[in-house]
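Let's take a walk through a protein model, one strand at a time. Keep the picture open while you read.

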Amino acid sequence: VKTDSEAPASSLGEAKLLLEFSNDCWVEVKDAQGNVLANGLMKANSTRAISGPAPFKVTLGNAPATRILLDDRLVNTDFYVPRRGTVSRFTLAREQP
């Protein structure tokens, strides 16, 4: 028997973000209220799961090394990879139902 406290995060207005790193990458993620959810160097071949109110403000120090899933959907990071250098800043919002 499921209780209300076991409801998935999405029903509580929180989005789930999963970051996968193929190489070392400096990361900062802030939620809709500006709270810092992740900040620091993430190591190669590691993952970081984050949840909170979307949209997320994301800064990646090595954008090409990062794979992003928002609410279990792969994000096309080609839009966010900079033309010069590797630092990328962008906002990730949930898709409308």
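Which residue in β6 is the bridge partner of leucine 17? It's leucine 70. Keep in mind that this is a predicted model.

## How β1 and β6 line up

That bridge between leucine 17 and leucine 70 belongs to a bigger pattern. Strand β1 covers residues 14-21, and five bridges join it to β6, with the two strands running antiparallel. Another pair to look for is phenylalanine 21, whose bridge partner in β6 is threonine 66.

## The hairpin after β6

Now follow the chain out of β6. Strand β7 takes up residues 73-74, and it pairs with β6 through two bridges, again in the antiparallel sense. Find leucine 69 and look across to β7: leucine 74 is its bridge partner there.

β6 and β7 make a hairpin, with two residues separating them. Aspartate 71 sits in that turn and has a positive phi of about 50°.

## Zooming out to the sheet

Put these strands together and you get an open sheet of four strands, ordered β4-β1-β6-β7, with antiparallel pairing. β4 (46-53) and β7 are at the edges with a single partner strand each, so each has one side without a neighbour in the sheet.

What about β6 itself? Strand β6 spans residues 66-70, and four of its five residues are buried, so the rest of the structure largely encloses it.

## Leucine 17 and the nonpolar core

Back to leucine 17. Not counting residues up to four places away in sequence, leucine 17 touches Val29, Arg48, Ala49, Ile50, Phe56, Ile68, Leu69, Leu70 and Leu92. Notice that its bridge partner, leucine 70, turns up among these contacts.

In soluble globular proteins, nonpolar side chains tend to be buried together. Here, the largest nonpolar core has 19 residues, and Leu17 and Val29 are the ones that touch the most other members. The elements giving two or more residues to this core are β1, β2 (25-30), β3 (36-42), β5, β6 and β8 (88-92). β1 contributes the most, with four residues.

## A stop at threonine 59

Is threonine 59 buried or exposed? It lies in strand β5, which runs over residues 56-60. Its relative accessible area is 13%, and the cut-off for buried is under 20%, so threonine 59 counts as buried.

And what does threonine 59 touch? Leaving out residues up to four places away in sequence, threonine 59 has contacts with Trp26, Val27, Glu28, Val87, Ser88 and Arg89.

Note on methods:
Residues numbered from 1 in each chain as written. Predicted model: local features only at pLDDT ≥ 70, side-chain atom pairs only at ≥ 80, totals over all residues. Heavy atoms only, no water. Buried < 20%, exposed > 50% of the residue type's maximum accessible area, 1.4 Å probe, protein only. Contact = heavy atoms within 4.5 Å. Pairing = 2+ DSSP bridges. Core = buried A, V, L, I, M, F, W, Y, C linked by side-chain atoms within 4.5 Å.
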